[in-house]
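Please open the model in your viewer and keep the selection tool at hand. The stops below say what to select next and what to look for there.

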Amino acid sequence: MSTGISGTTEKSSLAKLDSAELVSSPTDEIDTNISIELITEDDAEEVLKMLKKFFFKDEPLNTFVDLGECKELEKYSTKSLHEHCSFKAVNSRGEIVGVNINGLINRPKETDEPPAKLADVCAHPKFKKIMALMDHVDENFNIFDLYQDVDRLLDIKIMSVDSNYRGLGIAGKLTDRTMQYVKDNNIKLVHVLCSSHFSARVMEKMDFQEVYKLPYQDYLVNGEQVFDPAKPHVAVRILTKRIN
């Protein structure tokens, strides 16, 4: 995920989760009556509003490049909603306080044309740098080569929780609902690309296993390191979980 575009024949995406559940906050003034619901296309505007306020600012690579307004990231964030496999955490006032944006990825067919490089079709100069990193990951790691028996997987593209609601287990509830979706739909593998140390820790607590790691210090363009986000964010990591 994190800025890879997912689809039936497109590249896998990088899951950029924010600090999610690892930062706690006072709960005496917030509505803790939370329900987990399916996201539909009609939710796109409210989902974007929430992501702009939290995820777009919290994600380590966005922060490092000082991304600012980016219509391409907005499009990426909502393009898989029509697949009806993403979920939202909603309080009793109907406010979205967390999201798990997912996408479905099918094994490419031998007759499929190779997808265009993400950076080549990206006009935003700062987002283009992130896309180039995603291209590099795609060129060096193919999830379907590792899992020869898997023809379809679910990619957790984005997980974000309202900073006022962190520490309440919302990221875990969203992921649990995603796991139920994959079981109900006979999907055998869940994939997430984490650009954040915190998001990777959340997934490891849910028994996801690392299958690929690229330290930021090792990603060089013309001999120079491109990304050096604040510690403890030191690497892009891909984690997966098989579903029995």
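Two rings of Phe, Tyr or Trp count as an aromatic pair if their centres lie within 6.5 Å, and planes over 60 degrees apart make such a pair edge-to-face. With that rule in mind, note that this is a predicted model, and that a search of the whole structure finds 5 aromatic pairs.

Begin by selecting F55 and F56, an edge-to-face pair whose ring centres are 6.1 Å apart and whose planes stand at 65° to each other. F55 is buried, as is F56.

Next, select F87 together with Y181, where the centres are 6.3 Å apart and the planes meet at 65°, so this pair is edge-to-face. F87 belongs to strand 3 (residues 87-90) while Y181 belongs to helix 7 (residues 170-184), so the pair ties together parts that are 94 residues apart in sequence. Both F87 and Y181 are buried.

Now select F64, Y219 and F227, which form one aromatic cluster. What is F227 in contact with, if its neighbours within four places in sequence are left aside? The residues to display around F227 are L61, F64, V65, K129, I130, L133, Y216 and Y219.

From F227 you can move on to the largest nonpolar core, which has 44 residues, and in which L51, V99, F127, M131, L133 and F227 touch the most other members. Colour helix 5 (residues 125-140) as well, since the largest share of this core, 6 residues, comes from that helix. A second core, separate from this one, has 29 residues, among them I30, A89, V161 and V192. In soluble globular proteins, nonpolar side chains tend to be buried together.

The next stop is helix 8 (residues 197-205), in which S199, A200, V202 and M203 are buried. If you turn the view to look down the axis of helix 8, the buried residues fall within an arc of 155°, so they line one face of the helix. At the N-terminal end of helix 8, select S196, which caps the helix with a side-chain oxygen 3.1 Å from the backbone nitrogen of F198. After helix 8 comes D207, which has a positive phi, near 70°.

Finish with the cysteines, selecting C70 and C122. Why is there no bond between them? The sulfur of C122 is the closest cysteine sulfur to that of C70, yet the two are 6.2 Å apart, which is too far for a bond, and the count for the structure comes to 0 disulfides. C70 counts as buried because its relative accessibility is 3%, and C85, at 0% relative accessibility, counts as buried too.

Methods:
Residues numbered from 1 in each chain as written. Predicted model: local features only at pLDDT ≥ 70, side-chain atom pairs only at ≥ 80, totals over all residues. Heavy atoms only, no water. Core = buried A, V, L, I, M, F, W, Y, C linked by side-chain atoms within 4.5 Å. Buried < 20%, exposed > 50% of the residue type's maximum accessible area, 1.4 Å probe, protein only. Helix = DSSP H or I, 4+ residues; strand = E, 2+ residues; numbered from the N terminus. Contact = heavy atoms within 4.5 Å. Arc of directions from axis to C-beta. Polar contact = N/O pair within 3.5 Å; in protein donor to acceptor, adjacent residues only side chain to side chain. Phe/Tyr/Trp six-rings, centres within 6.5 Å; stacked < 30°, edge-to-face > 60°. Disulfide = S-S within 2.5 Å.
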